[in-house]
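Dear colleague,

I am passing on the structure we spoke about, and I would be glad if you could read the notes below with it open beside you. They go through it topic by topic.

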Amino acid sequence: MNPRILSRALAAFALSASLISAAAAQNSAPQPVPIVSTIPEPQDRPLTAPMILQVDATDVDRAIFQVRQTIPVEAGKPLILLYPQWLPGKHGPRGALAEMTGLMIRAGGKTLRWTRDPVQVYAFHVDLPEGATSVDVDFQFTSPVRESEGRINVTRNMMNVQWEQVALYPAGHFTRAIQVKPSIILPEGWTGVAALDGASIKGNRIDYGVTSFETLVDSPMFAGPHYKKWDLGHNVTLNVWADDAKFLAAKPEQIAAHRALVDESLLLFGAKHFDRYEFLLGLTEELGGIGLEHHRSSENTRETDYFIEWDDNMSERGLLPHEFTHSWNGKFRRPETMWTPDYATPMRDNLLWVYEGQTSFWDLVLGARSGLQSKEMVLAEWAKYAGFYAEQSGRAWRSVEDTTHDPIFGARKPKPFASHARGED
(Lines give C-alpha, C1' and ligand atoms only; values in the text may rest on other atoms or scores of the structure.)
Protein backbone atom coordinates (compact mmCIF):
# COMPACT_ATOMS: atom_id res chain seq x y z
CA MET A 1 0.00 0.00 0.00
CA ASN A 2 1.12 3.51 -0.72
CA PRO A 3 2.71 4.86 2.49
CA ARG A 4 0.95 8.21 2.02
CA ILE A 5 -2.46 6.49 1.75
CA LEU A 6 -1.70 4.33 4.80
CA SER A 7 -0.72 7.39 6.83
CA ARG A 8 -3.97 9.15 5.89
CA ALA A 9 -6.00 6.04 6.83
CA LEU A 10 -4.31 5.77 10.21
CA ALA A 11 -4.91 9.46 10.90
CA ALA A 12 -8.58 9.08 9.99
CA PHE A 13 -8.87 6.05 12.25
CA ALA A 14 -7.25 7.89 15.15
CA LEU A 15 -9.59 10.85 14.68
CA SER A 16 -12.61 8.55 14.53
CA ALA A 17 -11.49 6.73 17.69
CA SER A 18 -10.98 10.06 19.44
CA LEU A 19 -14.46 11.24 18.50
CA ILE A 20 -15.99 7.94 19.62
CA SER A 21 -14.09 8.14 22.91
CA ALA A 22 -15.26 11.71 23.49
CA ALA A 23 -18.84 10.74 22.70
CA ALA A 24 -18.59 7.75 25.01
CA ALA A 25 -17.22 9.94 27.77
CA GLN A 26 -20.09 12.35 27.27
CA ASN A 27 -22.62 9.50 27.26
CA SER A 28 -21.23 7.97 30.48
CA ALA A 29 -22.06 10.97 32.68
CA PRO A 30 -25.35 9.80 34.24
CA GLN A 31 -27.73 12.07 36.10
CA PRO A 32 -29.48 11.06 39.34
CA VAL A 33 -33.01 9.76 39.29
CA PRO A 34 -35.03 11.84 41.79
CA ILE A 35 -36.09 10.01 44.94
CA VAL A 36 -39.77 10.57 45.51
CA SER A 37 -41.21 9.02 48.66
CA THR A 38 -44.70 7.58 48.32
CA ILE A 39 -44.86 6.47 51.97
CA PRO A 40 -47.41 8.65 53.78
CA GLU A 41 -46.36 10.42 56.94
CA PRO A 42 -47.88 8.89 60.09
CA GLN A 43 -50.97 10.59 61.46
CA ASP A 44 -52.65 10.13 64.82
CA ARG A 45 -55.78 8.53 63.38
CA PRO A 46 -57.23 5.05 63.96
CA LEU A 47 -57.80 2.18 61.58
CA THR A 48 -61.36 1.31 60.68
CA ALA A 49 -61.14 -1.85 62.83
CA PRO A 50 -58.52 -3.77 64.84
CA MET A 51 -55.90 -5.88 63.09
CA ILE A 52 -55.99 -9.60 63.88
CA LEU A 53 -52.60 -11.18 64.59
CA GLN A 54 -52.17 -14.95 64.99
CA VAL A 55 -48.76 -16.45 65.69
CA ASP A 56 -48.02 -20.18 65.66
CA ALA A 57 -44.84 -20.71 67.69
CA THR A 58 -44.94 -24.51 67.92
CA ASP A 59 -42.15 -25.24 65.41
CA VAL A 60 -39.29 -25.06 67.92
CA ASP A 61 -37.21 -27.65 66.05
CA ARG A 62 -36.79 -25.28 63.10
CA ALA A 63 -37.31 -22.08 65.13
CA ILE A 64 -39.92 -20.82 62.67
CA PHE A 65 -42.87 -18.61 63.61
CA GLN A 66 -45.90 -18.90 61.32
CA VAL A 67 -47.72 -15.57 61.11
CA ARG A 68 -51.24 -14.79 59.91
CA GLN A 69 -52.75 -11.33 59.97
CA THR A 70 -55.98 -9.71 58.90
CA ILE A 71 -55.45 -6.00 58.28
CA PRO A 72 -58.32 -3.57 57.57
CA VAL A 73 -57.87 -1.30 54.56
CA GLU A 74 -59.22 2.16 53.84
CA ALA A 75 -61.39 2.62 50.76
CA GLY A 76 -59.83 4.78 48.09
CA LYS A 77 -56.37 4.82 49.64
CA PRO A 78 -53.28 2.87 48.57
CA LEU A 79 -52.18 0.13 50.93
CA ILE A 80 -48.58 0.21 52.12
CA LEU A 81 -47.55 -2.25 54.80
CA LEU A 82 -44.52 -1.61 57.00
CA TYR A 83 -42.25 -4.01 58.85
CA PRO A 84 -40.93 -2.41 62.08
CA GLN A 85 -37.44 -0.97 61.59
CA TRP A 86 -36.54 1.65 64.25
CA LEU A 87 -37.14 -0.05 67.58
CA PRO A 88 -37.43 1.52 71.04
CA GLY A 89 -34.83 0.23 73.48
CA LYS A 90 -32.54 -0.81 70.64
CA HIS A 91 -31.91 2.84 69.79
CA GLY A 92 -31.43 2.22 66.10
CA PRO A 93 -32.71 0.48 62.94
CA ARG A 94 -32.69 -3.12 64.20
CA GLY A 95 -35.75 -4.55 62.45
CA ALA A 96 -35.17 -8.23 61.61
CA LEU A 97 -36.37 -7.92 58.01
CA ALA A 98 -33.80 -10.39 56.69
CA GLU A 99 -35.49 -13.20 58.62
CA MET A 100 -38.97 -12.45 57.25
CA THR A 101 -39.88 -14.92 54.47
CA GLY A 102 -42.78 -16.27 52.44
CA LEU A 103 -44.88 -13.10 52.30
CA MET A 104 -48.28 -13.72 50.73
CA ILE A 105 -51.09 -11.15 50.69
CA ARG A 106 -54.66 -11.99 49.71
CA ALA A 107 -58.07 -10.34 49.51
CA GLY A 108 -61.25 -12.32 49.00
CA GLY A 109 -59.15 -15.45 48.47
CA LYS A 110 -57.22 -13.87 45.60
CA THR A 111 -53.45 -13.48 45.81
CA LEU A 112 -52.41 -9.85 45.45
CA ARG A 113 -49.27 -8.47 43.87
CA TRP A 114 -46.90 -6.60 46.14
CA THR A 115 -43.65 -4.74 45.47
CA ARG A 116 -41.00 -3.68 47.93
CA ASP A 117 -40.25 0.04 48.01
CA PRO A 118 -36.78 0.43 46.43
CA VAL A 119 -35.80 3.19 48.86
CA GLN A 120 -37.65 2.36 52.08
CA VAL A 121 -37.14 -1.38 51.81
CA TYR A 122 -39.15 -2.11 54.97
CA ALA A 123 -42.27 -0.96 53.06
CA PHE A 124 -44.47 -3.11 50.81
CA HIS A 125 -46.83 -1.60 48.23
CA VAL A 126 -49.91 -3.77 47.70
CA ASP A 127 -52.08 -3.79 44.55
CA LEU A 128 -55.46 -3.56 46.23
CA PRO A 129 -58.58 -4.63 44.32
CA GLU A 130 -61.56 -2.30 44.28
CA GLY A 131 -64.01 -2.93 47.08
CA ALA A 132 -61.57 -4.72 49.38
CA THR A 133 -62.15 -3.99 53.08
CA SER A 134 -59.27 -6.05 54.47
CA VAL A 135 -56.31 -8.17 53.42
CA ASP A 136 -55.05 -11.48 54.78
CA VAL A 137 -51.29 -11.65 55.27
CA ASP A 138 -49.18 -14.77 55.77
CA PHE A 139 -45.43 -15.00 56.32
CA GLN A 140 -42.81 -16.83 58.33
CA PHE A 141 -40.25 -15.41 60.71
CA THR A 142 -37.25 -17.71 60.43
CA SER A 143 -35.54 -17.14 63.75
CA PRO A 144 -31.73 -17.61 63.74
CA VAL A 145 -30.63 -21.16 64.52
CA ARG A 146 -26.90 -20.37 64.92
CA GLU A 147 -25.11 -17.38 66.40
CA SER A 148 -23.60 -16.37 63.05
CA GLU A 149 -27.16 -15.61 61.85
CA GLY A 150 -28.11 -13.42 64.80
CA ARG A 151 -29.42 -13.72 68.32
CA ILE A 152 -30.95 -17.12 69.14
CA ASN A 153 -34.46 -16.53 70.46
CA VAL A 154 -35.92 -20.03 70.14
CA THR A 155 -34.58 -23.23 71.72
CA ARG A 156 -36.22 -26.50 72.73
CA ASN A 157 -36.49 -25.18 76.29
CA MET A 158 -37.29 -21.51 75.88
CA MET A 159 -38.36 -18.77 73.50
CA ASN A 160 -38.44 -15.00 73.45
CA VAL A 161 -41.28 -13.68 71.28
CA GLN A 162 -40.75 -10.09 70.13
CA TRP A 163 -43.98 -9.03 68.44
CA GLU A 164 -42.29 -6.54 66.09
CA GLN A 165 -40.65 -9.51 64.39
CA VAL A 166 -43.96 -11.20 63.64
CA ALA A 167 -46.23 -8.37 62.48
CA LEU A 168 -46.75 -5.84 59.71
CA TYR A 169 -48.72 -2.62 60.12
CA PRO A 170 -50.25 -0.11 57.65
CA ALA A 171 -48.39 3.11 56.88
CA GLY A 172 -50.01 6.46 57.58
CA HIS A 173 -50.89 5.91 61.25
CA PHE A 174 -49.31 6.46 64.64
CA THR A 175 -48.69 3.01 66.07
CA ARG A 176 -50.63 4.00 69.20
CA ALA A 177 -53.70 4.57 66.96
CA ILE A 178 -53.57 1.09 65.41
CA GLN A 179 -55.60 -1.44 67.36
CA VAL A 180 -54.66 -5.11 67.27
CA LYS A 181 -55.98 -8.33 68.76
CA PRO A 182 -53.08 -10.78 69.18
CA SER A 183 -52.99 -14.51 69.86
CA ILE A 184 -50.25 -17.13 70.02
CA ILE A 185 -50.05 -20.92 69.99
CA LEU A 186 -47.22 -22.30 72.14
CA PRO A 187 -45.77 -25.81 72.29
CA GLU A 188 -47.69 -28.21 74.52
CA GLY A 189 -46.82 -27.83 78.20
CA TRP A 190 -45.18 -24.42 77.83
CA THR A 191 -46.04 -21.34 79.91
CA GLY A 192 -45.89 -17.95 78.27
CA VAL A 193 -46.05 -14.53 79.93
CA ALA A 194 -46.38 -11.08 78.37
CA ALA A 195 -47.53 -7.80 79.91
CA LEU A 196 -50.69 -7.81 77.79
CA ASP A 197 -54.21 -7.61 79.16
CA GLY A 198 -57.25 -9.81 78.69
CA ALA A 199 -55.44 -13.14 78.36
CA SER A 200 -57.72 -16.11 77.68
CA ILE A 201 -55.95 -19.49 77.76
CA LYS A 202 -57.40 -22.54 76.05
CA GLY A 203 -55.03 -25.49 75.80
CA ASN A 204 -51.76 -24.15 74.42
CA ARG A 205 -53.32 -21.07 72.81
CA ILE A 206 -53.39 -17.63 74.42
CA ASP A 207 -55.78 -14.97 73.13
CA TYR A 208 -55.26 -11.42 74.36
CA GLY A 209 -57.63 -8.48 74.39
CA VAL A 210 -57.50 -5.62 71.92
CA THR A 211 -54.55 -3.31 72.50
CA SER A 212 -52.57 -0.74 70.54
CA PHE A 213 -49.78 -1.83 68.23
CA GLU A 214 -47.43 0.38 70.25
CA THR A 215 -48.33 -1.47 73.46
CA LEU A 216 -48.04 -4.84 71.72
CA VAL A 217 -44.49 -4.15 70.55
CA ASP A 218 -43.68 -2.94 74.07
CA SER A 219 -44.97 -6.21 75.60
CA PRO A 220 -42.76 -9.15 74.52
CA MET A 221 -43.17 -12.72 75.74
CA PHE A 222 -40.94 -15.33 77.30
CA ALA A 223 -42.16 -18.94 77.24
CA GLY A 224 -40.92 -22.41 78.09
CA PRO A 225 -41.70 -25.66 79.92
CA HIS A 226 -39.51 -24.97 83.00
CA TYR A 227 -41.14 -21.99 84.69
CA LYS A 228 -41.66 -20.51 88.13
CA LYS A 229 -42.92 -17.16 89.36
CA TRP A 230 -42.70 -15.13 92.56
CA ASP A 231 -44.84 -12.22 93.77
CA LEU A 232 -42.55 -9.28 94.58
CA GLY A 233 -45.32 -7.05 95.89
CA HIS A 234 -46.87 -3.89 94.42
CA ASN A 235 -48.28 -6.03 91.57
CA VAL A 236 -44.77 -6.85 90.33
CA THR A 237 -43.98 -10.46 89.36
CA LEU A 238 -40.66 -12.20 88.87
CA ASN A 239 -41.22 -14.74 86.05
CA VAL A 240 -38.31 -17.12 85.55
CA TRP A 241 -37.68 -19.79 82.90
CA ALA A 242 -34.66 -22.09 82.78
CA ASP A 243 -33.00 -24.63 80.52
CA ASP A 244 -33.76 -27.18 83.24
CA ALA A 245 -36.09 -27.09 86.25
CA LYS A 246 -33.18 -27.59 88.68
CA PHE A 247 -31.97 -24.05 87.98
CA LEU A 248 -35.19 -22.58 89.42
CA ALA A 249 -34.25 -23.49 93.02
CA ALA A 250 -34.23 -19.99 94.53
CA LYS A 251 -33.85 -19.52 98.26
CA PRO A 252 -36.20 -17.24 100.23
CA GLU A 253 -33.45 -14.69 100.95
CA GLN A 254 -32.67 -14.47 97.22
CA ILE A 255 -36.27 -13.65 96.38
CA ALA A 256 -36.33 -11.21 99.31
CA ALA A 257 -33.55 -9.21 97.63
CA HIS A 258 -35.62 -8.97 94.43
CA ARG A 259 -38.61 -7.90 96.50
CA ALA A 260 -36.46 -5.22 98.13
CA LEU A 261 -35.51 -3.98 94.65
CA VAL A 262 -39.17 -3.18 94.00
CA ASP A 263 -39.63 -1.52 97.39
CA GLU A 264 -36.49 0.59 97.05
CA SER A 265 -37.35 1.65 93.48
CA LEU A 266 -40.78 2.91 94.48
CA LEU A 267 -39.25 4.81 97.41
CA LEU A 268 -36.56 6.29 95.19
CA PHE A 269 -38.78 7.48 92.35
CA GLY A 270 -41.80 8.31 94.48
CA ALA A 271 -44.31 7.13 91.90
CA LYS A 272 -45.76 3.98 90.43
CA HIS A 273 -46.83 4.65 86.87
CA PHE A 274 -47.57 1.05 85.86
CA ASP A 275 -50.58 -1.01 86.96
CA ARG A 276 -48.45 -4.17 86.91
CA TYR A 277 -44.93 -5.16 85.97
CA GLU A 278 -43.54 -8.45 84.70
CA PHE A 279 -39.86 -9.31 85.05
CA LEU A 280 -39.17 -11.85 82.27
CA LEU A 281 -35.97 -13.69 83.20
CA GLY A 282 -34.44 -16.61 81.31
CA LEU A 283 -31.69 -18.63 82.97
CA THR A 284 -30.02 -20.16 79.97
CA GLU A 285 -26.87 -21.17 78.16
CA GLU A 286 -28.84 -21.69 74.93
CA LEU A 287 -31.04 -18.64 74.31
CA GLY A 288 -29.24 -15.50 73.15
CA GLY A 289 -28.47 -12.90 75.78
CA ILE A 290 -30.70 -9.87 76.22
CA GLY A 291 -31.48 -7.01 78.56
CA LEU A 292 -34.26 -4.86 77.12
CA GLU A 293 -36.59 -2.43 78.85
CA HIS A 294 -40.32 -1.91 78.47
CA HIS A 295 -42.96 0.10 80.30
CA ARG A 296 -44.59 -2.84 82.09
CA SER A 297 -41.98 -5.56 81.65
CA SER A 298 -38.37 -6.30 80.76
CA GLU A 299 -36.57 -9.02 78.80
CA ASN A 300 -33.61 -10.45 80.69
CA THR A 301 -31.29 -13.44 80.47
CA ARG A 302 -28.63 -14.61 82.91
CA GLU A 303 -26.62 -17.80 83.14
CA THR A 304 -28.18 -20.92 84.63
CA ASP A 305 -26.27 -20.58 87.92
CA TYR A 306 -28.00 -17.27 88.78
CA PHE A 307 -29.62 -18.79 91.89
CA ILE A 308 -27.58 -21.92 92.57
CA GLU A 309 -24.21 -20.08 92.63
CA TRP A 310 -25.57 -16.93 94.24
CA ASP A 311 -22.41 -15.90 96.09
CA ASP A 312 -20.36 -15.92 92.89
CA ASN A 313 -22.79 -13.92 90.74
CA MET A 314 -23.09 -10.51 92.38
CA SER A 315 -21.99 -8.63 89.25
CA GLU A 316 -24.64 -10.49 87.23
CA ARG A 317 -27.39 -9.07 89.43
CA GLY A 318 -27.19 -5.54 88.05
CA LEU A 319 -29.35 -6.29 85.03
CA LEU A 320 -32.77 -6.34 86.68
CA PRO A 321 -32.19 -3.06 88.58
CA HIS A 322 -31.10 -1.48 85.29
CA GLU A 323 -34.11 -2.58 83.26
CA PHE A 324 -36.54 -1.81 86.08
CA THR A 325 -35.15 1.74 86.35
CA HIS A 326 -35.78 2.15 82.63
CA SER A 327 -39.51 1.82 83.29
CA TRP A 328 -39.25 5.31 84.78
CA ASN A 329 -36.26 6.68 82.87
CA GLY A 330 -36.68 5.85 79.20
CA LYS A 331 -40.22 4.52 79.01
CA PHE A 332 -42.50 6.61 81.28
CA ARG A 333 -40.25 9.61 80.56
CA ARG A 334 -38.20 9.64 77.37
CA PRO A 335 -36.10 12.23 75.51
CA GLU A 336 -38.51 13.79 73.04
CA THR A 337 -36.42 13.08 69.94
CA MET A 338 -36.16 9.39 70.87
CA TRP A 339 -39.94 8.99 70.78
CA THR A 340 -41.26 8.34 67.28
CA PRO A 341 -44.87 8.04 66.05
CA ASP A 342 -44.16 4.80 64.19
CA TYR A 343 -41.31 2.35 63.60
CA ALA A 344 -40.29 3.86 60.25
CA THR A 345 -39.38 7.28 61.63
CA PRO A 346 -35.68 7.55 62.57
CA MET A 347 -34.78 8.19 66.18
CA ARG A 348 -32.38 10.97 67.20
CA ASP A 349 -30.32 9.65 70.07
CA ASN A 350 -28.69 12.89 71.27
CA LEU A 351 -30.01 12.43 74.81
CA LEU A 352 -29.22 8.75 75.09
CA TRP A 353 -26.59 9.74 77.65
CA VAL A 354 -29.52 10.60 79.96
CA TYR A 355 -31.66 7.61 78.93
CA GLU A 356 -28.86 5.09 79.49
CA GLY A 357 -26.35 7.04 81.58
CA GLN A 358 -28.71 8.06 84.36
CA THR A 359 -30.15 4.55 84.41
CA SER A 360 -26.65 3.11 84.77
CA PHE A 361 -26.17 5.31 87.85
CA TRP A 362 -29.43 4.39 89.54
CA ASP A 363 -29.13 0.67 88.84
CA LEU A 364 -26.02 0.60 91.03
CA VAL A 365 -27.72 2.59 93.77
CA LEU A 366 -30.68 0.20 93.73
CA GLY A 367 -28.43 -2.84 93.49
CA ALA A 368 -26.79 -1.85 96.77
CA ARG A 369 -29.93 -0.65 98.55
CA SER A 370 -31.82 -3.84 97.74
CA GLY A 371 -28.99 -6.19 98.71
CA LEU A 372 -28.73 -7.67 95.23
CA GLN A 373 -25.22 -6.21 95.21
CA SER A 374 -22.92 -5.11 98.00
CA LYS A 375 -22.01 -1.51 98.80
CA GLU A 376 -18.35 -2.42 98.33
CA MET A 377 -18.95 -3.77 94.84
CA VAL A 378 -20.93 -0.68 93.82
CA LEU A 379 -18.24 1.70 95.08
CA ALA A 380 -15.67 -0.37 93.19
CA GLU A 381 -17.75 -0.08 90.02
CA TRP A 382 -17.84 3.72 90.29
CA ALA A 383 -14.11 3.78 90.91
CA LYS A 384 -13.59 1.61 87.82
CA TYR A 385 -15.66 3.97 85.69
CA ALA A 386 -13.84 7.02 87.01
CA GLY A 387 -10.47 5.48 86.25
CA PHE A 388 -11.51 4.31 82.80
CA TYR A 389 -12.90 7.64 81.64
CA ALA A 390 -10.05 9.61 83.18
CA GLU A 391 -7.60 7.79 80.92
CA GLN A 392 -9.82 7.33 77.86
CA SER A 393 -7.99 8.83 74.88
CA GLY A 394 -11.16 9.14 72.80
CA ARG A 395 -12.37 12.03 74.97
CA ALA A 396 -9.84 14.24 73.20
CA TRP A 397 -11.77 14.15 69.94
CA ARG A 398 -15.29 12.89 70.65
CA SER A 399 -17.98 14.23 72.98
CA VAL A 400 -20.30 12.08 75.09
CA GLU A 401 -23.24 13.38 73.07
CA ASP A 402 -21.62 12.24 69.84
CA THR A 403 -21.22 8.72 71.22
CA THR A 404 -25.01 8.51 71.63
CA HIS A 405 -25.28 7.96 67.86
CA ASP A 406 -23.19 4.79 68.07
CA PRO A 407 -26.18 2.40 68.27
CA ILE A 408 -27.36 3.75 64.90
CA PHE A 409 -24.17 3.32 62.88
CA GLY A 410 -22.07 1.05 65.08
CA ALA A 411 -24.78 -1.46 66.00
CA ARG A 412 -23.01 -1.99 69.35
CA LYS A 413 -20.41 -4.22 67.76
CA PRO A 414 -16.93 -4.60 69.29
CA LYS A 415 -14.38 -2.05 68.09
CA PRO A 416 -10.64 -2.11 67.60
CA PHE A 417 -8.92 0.42 69.91
CA ALA A 418 -12.18 0.95 71.79
CA SER A 419 -10.80 3.49 74.26
CA HIS A 420 -9.84 5.78 71.38
CA ALA A 421 -12.95 5.13 69.27
CA ARG A 422 -15.38 5.55 72.22
CA GLY A 423 -18.85 4.06 71.97
CA GLU A 424 -22.16 4.86 73.65
CA ASP A 425 -20.38 6.29 76.69
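Which residue in β12 does L82 stand opposite? The residue is Y169, though please keep in mind throughout that this is a predicted model. The strands concerned, β3 (residues 79-82) and β12, run antiparallel and are joined by two bridges. They belong to an open sheet of four strands, whose order is β8-β9-β3-β12 and whose pairing is antiparallel. At its edges are β8 (114-116) and β12 (169-170), each of which pairs on one side only. As a general reminder, the strands of a sheet pair through backbone hydrogen bonds, in either a parallel or an antiparallel sense.

Turning to the interior, the largest nonpolar core has 57 residues, and M159 and F213 are those with the most contacts inside it. Once its neighbours within four places in sequence are left aside, F213 is in contact with M51, P84, A167, L168, Y169, T175, I178, V180 and Y343, so that Y169, the residue opposite L82, appears here again as a contact of F213. Apart from this core lies another, of 28 residues, which includes L232, V240, L283 and Y306.

The helix I looked at is α3 (residues 252-269), which has 18 residues and reaches 26 Å from its first C-alpha to its last, close to the 26 Å expected at 1.5 Å a residue. Its buried residues are Q254, I255, A257, H258, A260, L261, V262, S265 and L266, and what covers them includes the strands β19, β20 and β21 (277-283) together with the helices α4 (319-326) and α6 (357-370). Just after α3 comes G270, which takes a positive phi of about 70 degrees.

Two residues deserve a look for their backbone. Most residues other than glycine have a negative phi. H91, however, has a positive phi near 60 degrees, and its place is in the loop between β4 (86-87) and β5 (92-93). N235 is likewise not a glycine and has a positive phi of about 65 degrees, in the loop between β19 (227-231) and β20 (236-242). Are these residues buried or exposed, or something in between? H91 counts as buried because its relative accessibility is 0%, whereas N235, at 48%, counts as partly exposed.

As for the aromatic residues, a search of the whole structure finds 25 aromatic pairs. In one of them, the rings of Y83 and Y122 have their centres 6.4 Å apart and their planes at 35 degrees, so the pair is tilted. This pair links distant parts of the chain, with Y83 in the loop between β3 and β4 and Y122 in the loop between β8 and β9 (123-126), 39 residues apart; both Y83 and Y122 are buried. F274 and Y277 also form a tilted pair, at 5.5 Å centre to centre and with 50 degrees between the planes. F274 is buried at 4% relative accessibility, and Y277 is buried with a relative accessible area of 0%. Ring pairs also link F269, F274, Y277, F279, F324, W328, F361, W362 and W382 into a cluster.

Finally, there are charges over rings: R317 lies over the face of W310, at 3.7 Å from the ring centre, and R333 lies over the face of F332, at 4.4 Å from the ring centre.

With best wishes

Technical notes: Residues are numbered from 1 along each chain as its sequence is written. This is a predicted model: local features need pLDDT of at least 70, side-chain atom pairs count only at pLDDT 80 or more; totals for chains, interfaces and linings use all residues. Side-chain values use heavy atoms; hydrogens and water are left out. A nonpolar core is a set of buried Ala, Val, Leu, Ile, Met, Phe, Trp, Tyr and Cys residues joined through side-chain atoms within 4.5 Å. Buried means under 20% relative accessible area, exposed over 50%, partly exposed in between (1.4 Å probe, protein chains only). Contact means heavy atoms within 4.5 Å. Two strands pair if DSSP finds at least two bridges between them. The expected span of a helix is 1.5 Å times one less than its number of residues. Rings of Phe, Tyr and Trp (its six-membered ring) pair if their centres lie within 6.5 Å; planes under 30 degrees apart count as stacked, over 60 as edge-to-face and the rest as tilted. A charge sits over a ring if NZ of Lys or CZ of Arg is within 6 Å of the ring centre and within 35 degrees of the ring normal.
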